[in-house]
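Colleague: I am new to this structure and should be grateful for a close look at a single part of it, namely the packing of its helices. Please set that part within the whole protein.

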Amino acid sequence: MPAQHLPTRPLPPPLRGSETGTFTHYSIAVRLPDIGQRILAENNFRSHITADLQALIEEIPNGAIRPLFDAYAPDAADWRQYCLPYLDQSWLQAPWFFVETYFYRRVLEATQYFEQGAATAVFDPFAQQKQQGLRSTLPAIRELCAAVNRWLEQPAAHKEQALEHLLSVALWGNQADLSLWPADGDDNPTHDEEKQREHLLLDDATAVIQHLLAPGRPIRLDLITDNAGFELVGDLGLVDYALHSDTAVSVTLHLKAHPTFVSDAMPADVHQTLTFLAQAADPAMRAMGRRLQACLQDGRLQLRAPYFWTSPLAMWQMPAALADDLRAAHLVISKGDANYRRLLGDRHWDFDTPFADVVAYFPAPLLALRTLKSEIVAGLTPEQIAAMPQRDEDWLINGRWGLMQFAPKPAAQ
């Protein structure tokens, strides 16, 4: 890959589960088997699928990485290449980002998700969690839709205020991560606006809003989504406002091609969420859902799900066709911790490495919205790095601290 399509700094080593005492080790050794057990508990699989899932769970963490066996899957050839460097390594020896994406892909292999002609071909093993996550946040959804409708009554007024609020919702909605906090759990982070402001480590909202509203439109806005449920509703609220306030002419949502990371959004989740909104008794929810369904019909809202977004590749390894497509965007918003890890290659960057240096390869202006759920970050000040362990010893992983990081100019291509 040409040097101009890489970070401008030398690449540090990737995070691995072999680093004992880290969240990475815990995530592989404990969280992945727990997620596997929850999949078994929430689905009524045939006995041979149950056996295959149980065998997968028992492999972790000391079993060996092996190839995938579902050769009929549309991404089978890609995964043969992804697995080659790590065959016979343990789950703790291979890089964490590979291991996590591999685990969720192995779940699909075990559940025969891609089996041609099988009834399971469109079955989402995480559907129960996603649906429960949507229902359990109904009051917050009603409040958000009401706010969007109020702002759209006078779309030219208070535009900066509306965008700032909706970007904040899009950021903190990332706390609704069902791989960390199941929908029926009672330990999800609370949605306290004052506490959220105090927990925002980097806030580039003003700069990104100025970029969005600068002359030179029409503009295309791209959003690399993360979780379904309330987070997706928050993303759709931003999309609805952008399209109907003359902030954006078109919006492209980048989604997952298949179930992964428990609650990550697929095109089917967008359609189901819009139906949920459009058929709601609440008039504000219904109005937002129907507006966005109309945007899907007329092409102003596009849904794309290339298999790159479910791959174990770093963002700088994206296919040329995807990079060319993103280059047409006036702004790309990257949502969530997993996408942030992909932006940084899930590597041990010094925490004060300038964010713009790491993402210098990215083909368009970039805004990263992320709550911290892994032990990587870039762009902090030395003072923050020194102070944060005293403020909160789990600040890197508990999802209670946020980043709104803007890299305004792509590197010269």
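Modeller: The account below begins with the whole protein and then turns to the helix packing.

This is a predicted model, in which local features need pLDDT of at least 70 and side-chain atom pairs count only at pLDDT 80 or more, while totals for chains, interfaces and linings use all residues. Residues are numbered from 1 along each chain as its sequence is written, and side-chain values use heavy atoms, with hydrogens and water left out.

The protein contains 16 helices and 7 strands; these are DSSP runs numbered from the N terminus, helices being H or I with at least four residues and strands being E with at least two. Its radius of gyration, 21 Å, is close to the 22 Å that the globule rule gives for 413 residues, so the protein is as compact as a globular protein of that length. That radius is taken over C-alpha atoms, and the globule rule is 2.2 Å times the number of residues to the power 0.38. The C-alpha trace spans about 60 × 50 × 45 Å along its principal axes. Of the 413 residues, 57% are buried, where buried means under 20% relative accessible area, exposed over 50% and partly exposed in between (1.4 Å probe, protein chains only). Among contacts with a separation of 6 or more, 80% are between residues 24 or more positions apart; contact means heavy atoms within 4.5 Å.

Now to the helices themselves. Two packed helices are described by the angle between their axes and the distance between the axes. Axes here are lines fitted to C-alpha atoms, for helices over the stretch in contact, and angles run from 0 to 180 degrees between N-to-C directions.

Helix H12 (residues 283-298) packs with helix H10 (residues 230-244) at an angle of about 65°, their axes being 10 Å apart. That makes H10 roughly perpendicular to H12, a term covering 65 to 115 degrees, whereas angles under 35 count as roughly parallel, over 145 as roughly antiparallel and the rest as oblique. H10 passes H12 in a left-handed crossing, in which the near helix is turned anticlockwise from the far one by less than a right angle; clockwise would be right-handed. On the H10 side the contact includes Val-233, Leu-236 and Asp-240, and on the H12 side it includes Met-288 and Arg-291. By class, this contact has 7 nonpolar, 2 polar and 2 charged residues. Ala, Val, Leu, Ile, Met, Phe, Trp, Tyr, Cys and Pro count as nonpolar, Asp, Glu, Lys and Arg as charged, and the others, Gly among them, as polar.

H12 also packs with helix H6 (residues 138-153), where the axes come within 8 Å and cross at roughly 70°. H6 is therefore roughly perpendicular to H12, and their crossing is left-handed. Met-288 and Arg-291 of H12 take part in this contact, and the H6 residues that meet H12 include Ile-141, Cys-145 and Leu-152. The contact of H6 with H12 has 10 nonpolar, 1 polar and 2 charged residues.

H10, in turn, packs with helix H11 (residues 267-278) at about 75°, with axes 11 Å apart. These two helices are therefore roughly perpendicular to each other. Leu-232, Val-233 and Leu-236 in H10 meet Asp-269, Val-270, Thr-273 and Leu-274 in H11, giving 5 nonpolar, 1 polar and 1 charged residues by class.
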